[in-house]
Amino acid sequence: MSNQPISLRQALDSFDALWSPRIVTHVNDYDVRIAKVEGEHIWHAHDDTDEFFLVLDGELHISSREPEGERTVLLRQGAVFTVPAGTEHKPYAPSGAAILMFEPTGTPTVGDRHDEIPAHVDATTGHILDA
């Protein structure tokens, strides 16, 4: 962990890969991750942990499958949202977004349960593979 301030803008400018979170710091047993996202991720769930999202730039949609049915929330810049543990969800950003997430260290991007992972996505991390 760095004992110096971290510029999220500089950290975001250091990579172009989509849906490939980068750890910028740690808080106790949690990773603070940033990611650039565009298009759709896959339906997935984290069985034992909530997932916190903060939109740094752009807009992020998060669809979720809840007991009452499916719903979608729209998060604009500066908005936060927490997906409860065990809730199937699918983030997507039609026009692109930059996000920050808090997750327990080692949490896979594709969760514990997920839809079929496309061939261009790393099945372990959920990161988009270079073409």
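## Confidence

In this predicted model, the lowest confidence in the protein falls in strand β8 (residues 113-114), with a mean pLDDT of 52, and the highest in strand β6 (residues 80-83), at 97. The average pLDDT over the protein is 86, and 81% of the residues score at least 70.

## Strand β7 and its partners

Strand β7 spans residues 88-104, and 13 of its 17 residues are buried, so the rest of the structure largely encloses this strand.

Strand β7 pairs with β2 (residues 30-40) in the antiparallel sense, over 10 bridges. It is also joined to β4 by 11 bridges, and these two strands again run antiparallel. Alanine 98 of β7 appears in both pairings: this residue is the bridge partner of lysine 36, and aspartate 57 stands opposite alanine 98 as well.

## Histidine 61

Histidine 61 lies in strand β4, which covers residues 51-66. Its relative accessibility is 17%, and the cut-off for buried is under 20%, so histidine 61 counts as buried.

Which residues does histidine 61 contact, leaving aside its neighbours within four places in sequence? The contacts are Thr72, Val73, Leu74, Lys90, Pro91, Tyr92 and Pro94. Of these, Lys90, Pro91, Tyr92 and Pro94 fall within the residue range of β7, 88-104, the strand to which β4 is joined by 11 bridges.

How values were computed:
Residues numbered from 1 in each chain as written. Predicted model: local features only at pLDDT ≥ 70, side-chain atom pairs only at ≥ 80, totals over all residues. Heavy atoms only, no water. Helix = DSSP H or I, 4+ residues; strand = E, 2+ residues; numbered from the N terminus. Buried < 20%, exposed > 50% of the residue type's maximum accessible area, 1.4 Å probe, protein only. Contact = heavy atoms within 4.5 Å. pLDDT = per-residue confidence, 0-100. Pairing = 2+ DSSP bridges.
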